[in-house]
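Student: I'd like a close look at a single part of this protein, starting from one residue and working outward to what lies around it. Please take me through it step by step, and then set it beside other parts of the same chain.

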Amino acid sequence: MKIMHIADVHLDSKMNRHLSNEKAKERRAELLASFVRLINTAKREGVTAVLIAGDLFDVSKVKVGTAKTIKKAIADASDISFFYIRGNHDNQNIFENTDDVPPNIHLFGESWQSYNISDKVTVTGAELMGRNSSEIDSSLVLENDKFNIVMLHGTVVSSNTSKGKELINIKGLKNKGIDYLALGHIHSYVEDKLDGRGRYVYSGCPFGRGFDECGEKGYVIIDIDEVTRSAKAGFVTFPARRLYAPEVDITECTSTLEIVDKVKEVVSSYDSSYLIEAVLTGSIDAELDINIPFIEKSFEEAFYVFKCKDETKLHVDADKFAKDASLRGEFVRLVMSRDDMDEEEKMQVIRLGIAALQGEEL
């Protein structure tokens, strides 16, 4: 039996933090189409069940078109059972109190609820929705002779003394008979041992949206042997538009044109369909003019989206400015002599001050 584990799809995300309104609208449509392709992949691969471990959506009110598309895609995959728990971004449940709810989707509430996929495999879940798992872990009762999947959405912690909401206390779930703890909320693939019997797994998000979700994304396939009650689980990359944030060390660069050349070396291997954010790093001279708009303009036709981020550190040669009679030299000496600022603060002030003295926009 094959089971697909996904989470954190975040459909209907605004997407405009890094994108123009036009590109953001296009990306929202792409993510919805990618989710439908993901369901079609499950059908093609002979998957018996799909676990959606929270944050299927990203808005308080799901768009009508999005809801209709999702319901139709699930209904069309009638041979697959879908199990969906809401996450902290799923304020609206589109599968409740409507006439068009697909019969093959199964929901969970605030208390533990179990469904049998077969005589040997059971899915149990609960929606935390502002609570922590320690409030309900004592009421979790599973049958030891079955392969037990448990679904939750939240952040794994090692004790119930941690502060925050939607925390999953691993200690409270040990030795409960869990074989596979299917989690959502962390947007990268994570797998670790739960206890002597089971493991806990974050599938990560299947598609990247922002530059905090870079690299390969996908889903997890759990392949269960119902006779031996054993399973293999592995991460599978899903083909979709990817995001990368490569670091570009510009320590040796003396001009924006040289920075452009350095960036070109680093990003030359990336596909033109990607979203790229080049992160400038290294130690630079205080007088180096980094023209971010020019750099971004130089690559805007090369990729679907190209952004540039300056994370360089400033290097100030005190001897260079020691006898500089200009206003700039006097400014640098004044800042360097301050005792109420640390080095990082001094470098930031000097960078902004020199830019102002050179007539640049801050």
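**From a loop to a helix**

Tutor: Let's begin with Asp100, which is partly exposed, at a relative accessible area of 42%. Everything here comes from a predicted model. Asp100 belongs to the loop that runs between strand 3 and strand 4. Follow that loop across space and you come to Lys71: the two C-alpha atoms are 7.5 Å apart, although these positions lie 29 residues apart along the chain. Lys71 is one of the buried residues of helix 2, so that helix is our next stop, and the part to look at closely.

Helix 2 takes in residues 64–76, which makes 13 residues. From first C-alpha to last, helix 2 reaches 18 Å, close to the 18 Å expected at 1.5 Å a residue. Now see which of its residues are covered: Thr66, Ala67, Ile70, Lys71, Ala73 and Ile74 are buried. Because they take up an arc of only 165° around the axis, they sit on the same side of helix 2. A general point helps here: an α-helix has 3.6 residues a turn, so residues three or four places apart point the same way. The face turned away from the buried side of helix 2 carries Val64, Lys68 and Lys72, which are exposed. As a bench biochemist you may notice the lysines: Lys71 is buried, whereas Lys68 and Lys72 are exposed.

What covers the buried side? The cover includes helix 1 (21–44), strand 3 (81–85) and strand 4 (105–107). Strand 3 and strand 4 are also the elements on either side of the loop that holds Asp100, which brings us back to our starting residue.

The partnership with helix 1 deserves a closer view. The two helices pack at an angle of about 5°, and their axes are 10 Å apart. Helix 1 and helix 2 are therefore roughly parallel to each other. From helix 1, the contact draws on Leu32, Phe35, Val36, Ile39 and Lys43. From helix 2, it draws on Thr66, Thr69, Ile70, Ala73, Ile74 and Asp76. By kind, the residues of this contact are 7 nonpolar, 2 polar and 2 charged. Thr66, Ile70, Ala73 and Ile74 appear both among the buried residues of helix 2 and in its contact with helix 1.

For a second view, move along the chain to Ile290, in the loop between strand 18 (283–285) and helix 5. Ile290 counts as buried, at 17% relative accessibility. Beyond its neighbours within four places in sequence, Ile290 is in contact with Ile250, Thr256, Ile259, Leu280, Ile284, Ile295, Asp310 and Thr312. Two helices come in through that list: Thr256 and Ile259 are buried residues of helix 4, and Ile295 is a buried residue of helix 5.

Take helix 4 (residues 256–267) with the same approach as before. Its 12 residues should span 16 Å at 1.5 Å a residue, and its end C-alpha atoms are 16 Å apart, which agrees. Its buried residues are Thr256, Ile259, Val260, Val263 and Val267. They span an arc of only 100° around the axis, which places them on the same side of helix 4. Leu257 and Glu265, on the other side, are exposed. The buried residues pack against strand 16 (247–249), strand 17 (275–281), helix 5 (292–299) and strand 19 (305–310).

In helix 5, the buried residues are Ile292, Ile295 and Phe299. Their arc is only 65° around the axis, which puts them on the same side of helix 5. Pro293 and Lys297 are exposed on the other side. Helix 4, strand 17 and strand 19 are what the buried residues of helix 5 pack against.

Finally, step back to the whole protein. It has 8 helices and 20 strands, and 48% of its 362 residues are buried. Of the contacts between residues at least 6 apart in sequence, 67% join residues at least 24 apart. Asp100 and Lys71, 29 residues apart along the chain, gave us a pair of C-alpha atoms separated by 7.5 Å.

How values were computed. Residues are numbered from 1 along each chain as its sequence is written. This is a predicted model: local features need pLDDT of at least 70, side-chain atom pairs count only at pLDDT 80 or more; totals for chains, interfaces and linings use all residues. Side-chain values use heavy atoms; hydrogens and water are left out. Helices (H or I, at least four residues) and strands (E, at least two) are DSSP runs, numbered from the N terminus. The expected span of a helix is 1.5 Å times one less than its number of residues. Buried means under 20% relative accessible area, exposed over 50%, partly exposed in between (1.4 Å probe, protein chains only). The arc is that of the directions from the helix axis to the C-beta atoms. Contact means heavy atoms within 4.5 Å. Axes are lines fitted to C-alpha atoms, for helices over the stretch in contact, and angles run from 0 to 180 degrees between N-to-C directions. Angles under 35 degrees count as roughly parallel, over 145 as roughly antiparallel, 65 to 115 as roughly perpendicular and the rest as oblique. Ala, Val, Leu, Ile, Met, Phe, Trp, Tyr, Cys and Pro count as nonpolar, Asp, Glu, Lys and Arg as charged, and the others, Gly among them, as polar.
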